[in-house]
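Thanks for coming. I will take a few minutes to walk through one structure, and you can follow along on the screen.

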Amino acid sequence: MTGLPSRRTFLGLAGVSAAAIALGTGAPAHASTPGGEDVPADPFKLGVASGDPEPDGFVLWTRLAPEPLAADGHGGMPRRPFDVHYEVAEDPQFSRVVRRGHAVASPDLAHSVHPEVNGLRPGREYFYRFRAGRSISPVGRTRTAPARDDQAPSLSFAVASCQAWYHGHFTAYRHMAAEDIDLVFFVGDYIYEYAINSVNLWREGVQLDKVHDAEVRTLEQYRLRYALFKSDPHLQAVHARAPWVSTWDDHEVQNNYDHAGQGVTPEDFDRRRAVAYRAYYENMPLRRTSLPHGPDMTLYRRLHWGRLADINVLDTRQYRVPEKSILGARQEKWLHNGLRSSSATWNVLAQQVVMAQIDRDTGPGQTFSDDQWDGFRAERERLLALRTPNLVVLTGDIHRHVAAELKADFNDPASATIGTELVAGSIGSDGDGAPRDAYTDLWLSNPHVKFYDGRRGYLLGRMTPERLTSEYKVVDYIRRDDRAPVATAARFVTTAGRPGLEAL
Ligand SMILES: [Fe+2]
């Protein structure tokens with residue numbers, strides 16, 4: 001980036017008011033400002049991020065870590081608070097700065113900050129950066145949502161999930177960072193908790209310390225795991241490119257939350273969940289409404305893109321009751337109320353696991369996965385019975401690109417199509433893939449499944465009042481290096497008022 005103002009401009013900031021202090025900790029504001037000049041050099045190695053745009057603002061994020069892979073999870077930071085200053089401008093040169101403030105990076109939250117910026121203009125692009133001590137961060141680009149009553153002309157977005165860093169390079173992010181997108185939806189498995197060793201380290205050209213060869217269970221280990229994954233430059237580039245709307249799946253804590261299968265007591269699992277949730281918050285551009293309280297953290301929420309789209313971000317992990325509920329009663333009620341009262345053209349669910357029925361028995365019988373919406377069929381029926389106009393479900397979890405139609409009766413192909421499900425394949429998980437794999441025929445034997453591809457990649461979507469265009473982006477390999485070109489494996493159109501998929 002050229003034409004950045006001199007360091008003097010930024011360092012010359014006048015004192016900021018107490019009201020401008022946004023703490024990531026939720027603790028009362030400190031009257032005194034913590035140390036400044038003694039911040040270790042180069043503390044922005046984990047990059048910058050923004051998230052959850054509203055018409056008047058967004059949340060910013062960074063985490064100070066001059067040595068991201070320090071084994072104690074503290075990123076090389078002294079264990080005391082530090083001031084982090086930020087500024088928001090209308091241009092990448094920061095000649096038109098519209099907001100300045102500061103936040104306290106506390107060791108309690110791994111020296112992360114989550115300042116929320118408001119009072120900005122709707123539907124606009126902004127640029128931001130941080131300063132700590134004498135170091136200035138890379139510049140991030142973000143935007144505000146359109147005004148609530150605005151018939152916004154378009155929403156362009158990418159959907160990503162499942163980034164097993166050790167399975168290969170984040171080539172998909174390298175290409176995503178070059179896309180013209182308003183938002184990134186991340187729908188789960190930002191980290192994986194597994195031990196990393198010679199068995200699963202398929203990302204060629206890296207050497208890892210033994211400290212990573214252990215299943216992640218403690219706060220220190222989760223923090224270190226986020227730092228390892230976030231050290232990827234392409235992931236950092238996508239965070240700096242557009243605001244993210246993030247939700248988790250299981251691996252941010254543990255595979256399928258299967259503590260019983262590992263002989264772990266509910267109390268011990270609660271303790272693990274508490275540290276995992278805390279590390280998740282520390283590392284994501286989330287608003288303070290998502291501050292964790294022990295093993296509880298509110299992640300489901302709703303965003304609006306003018307009158308074009310309502311976006312419901314779901315948490316299908318935290319409130320599960322096996323065989324009974326995938327959302328939990330409170331979240332289900334909140335979701336149904338929101339969908340019933342929506343007047344948006346498109347109604348988006350950004351969520352984790354496949355909603356379409358997938359019969360895994362190619363013979364006359366039917367077999368379903370209990371970990372997906374198939375394990376909660378009554379709840380799915382209640383949701384689809386709302387007949388929400390222009391329902392679009394964005395999904396991750398399976399490490400495969402899938403496009404499916406949501407049916408009034410999945411066992412009757414002639415029944416009404418009620419919505420559209422777009423499943424974004426993984427960024428990294430499962431390493432090199434192939435267009436066809438061992439599950440292709442099984443998935444495509446479900447008549448409402450219209451597309452399946454086993455390669456790594458992401459989904460690119462563009463909504464207008466008339467239609468949703470979705471493109472399935474793929475790369476042919478990720479293990480060797482990050483140089484595979486990107487291709488479009490399939491393109492679909494969903495016309496407003498006509499749910500389902502038309503291949504282009
Ligand atoms: Fe995954």
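Strand 20, residues 456-463, pairs with strand 21 in the antiparallel sense, over 8 bridges. Keep in mind throughout that this is a predicted model. The two strands, 20 and 21, form a hairpin, with 3 residues between them. To fix the register by eye, find R456, which stands opposite V475 in strand 21.

Strand 21 has a further partner. It is joined by 9 bridges to strand 22, residues 486-495, and these two run antiparallel as well. Here the pair to look for is S470 and its bridge partner in strand 22, F492. As a reminder, strands of a sheet pair through backbone hydrogen bonds, either parallel or antiparallel.

Is strand 21 mostly covered or mostly open? Mostly covered: of the 9 residues in strand 21, which spans 467-475, 8 are buried.

Now go back along the chain to A158, which sits in strand 10. A158 has 0% relative accessibility, so it counts as buried, the cut-off being under 20%. Which residues does A158 touch, leaving aside neighbours within four places in sequence? The contacts are M176, I181, L183, V184, F185, Y458, L459 and L460. Take L460 from that list: A158 and L460 are 302 residues apart along the chain, yet their C-alpha atoms are separated by 4.5 Å.

The next residue is H169. You will find H169 in the loop between strand 10, residues 155-160, and helix 2, residues 171-176. H169 has a relative accessible area of 12%, and therefore it is buried by that same cut-off of under 20%. Not counting residues up to four places away in sequence, H169 touches R203, E204, I427, I478, R479, R480, D481 and D482.

A word on annotation. The UniProt record, an unreviewed entry, gives residues 157-472 as "domain: PhoD-like phosphatase metallophosphatase". In the model, the end C-alpha atoms of that span lie 12 Å apart, and the span is 22% helix and 21% strand.

Next, a pair of helices. Two packed helices are described by the angle between their axes and the distance between the axes. For helix 3, residues 219-230, and helix 5, residues 266-283, the angle is about 35° and the axes are 9 Å apart. The crossing of helix 3 with helix 5 is right-handed. Helix 3 contributes L219, Y222, R223, Y226 and K230 to the contact, while helix 5 contributes R272, V275, A276, R278, A279, Y280, E282 and N283. By type, the residues of this contact are 7 nonpolar, 5 charged and 1 polar.

Last, a sheet. It is an open one of 7 strands, in the order 13-14-15-16-18-17-19, and the pairing is mixed. Which strands stand at its edges? Those are strand 13, residues 301-305, and strand 19, residues 449-453. Each has a single partner strand, so one side of each is left without a neighbour in the sheet. On average, neighbouring strands of this sheet are turned by 20° against each other, direction ignored.

At the strand 13 edge, the partner is strand 14, residues 309-313, and the two pair in the antiparallel sense over 5 bridges. One position to look at there is H304, which stands opposite D310 in strand 14.

That is where I will stop.

Key:
Residues numbered from 1 in each chain as written. Predicted model: local features only at pLDDT ≥ 70, side-chain atom pairs only at ≥ 80, totals over all residues. Heavy atoms only, no water. Axes fitted to C-alpha atoms, helices over the stretch in contact; angles between N-to-C directions. Helix = DSSP H or I, 4+ residues; strand = E, 2+ residues; numbered from the N terminus. Left-handed = near helix turned anticlockwise from the far one by under 90°. Contact = heavy atoms within 4.5 Å. Nonpolar A, V, L, I, M, F, W, Y, C, P; charged D, E, K, R; others polar. Pairing = 2+ DSSP bridges. UniProt positions renumbered as here; feature names shortened; annotations may be inferred. Buried < 20%, exposed > 50% of the residue type's maximum accessible area, 1.4 Å probe, protein only.
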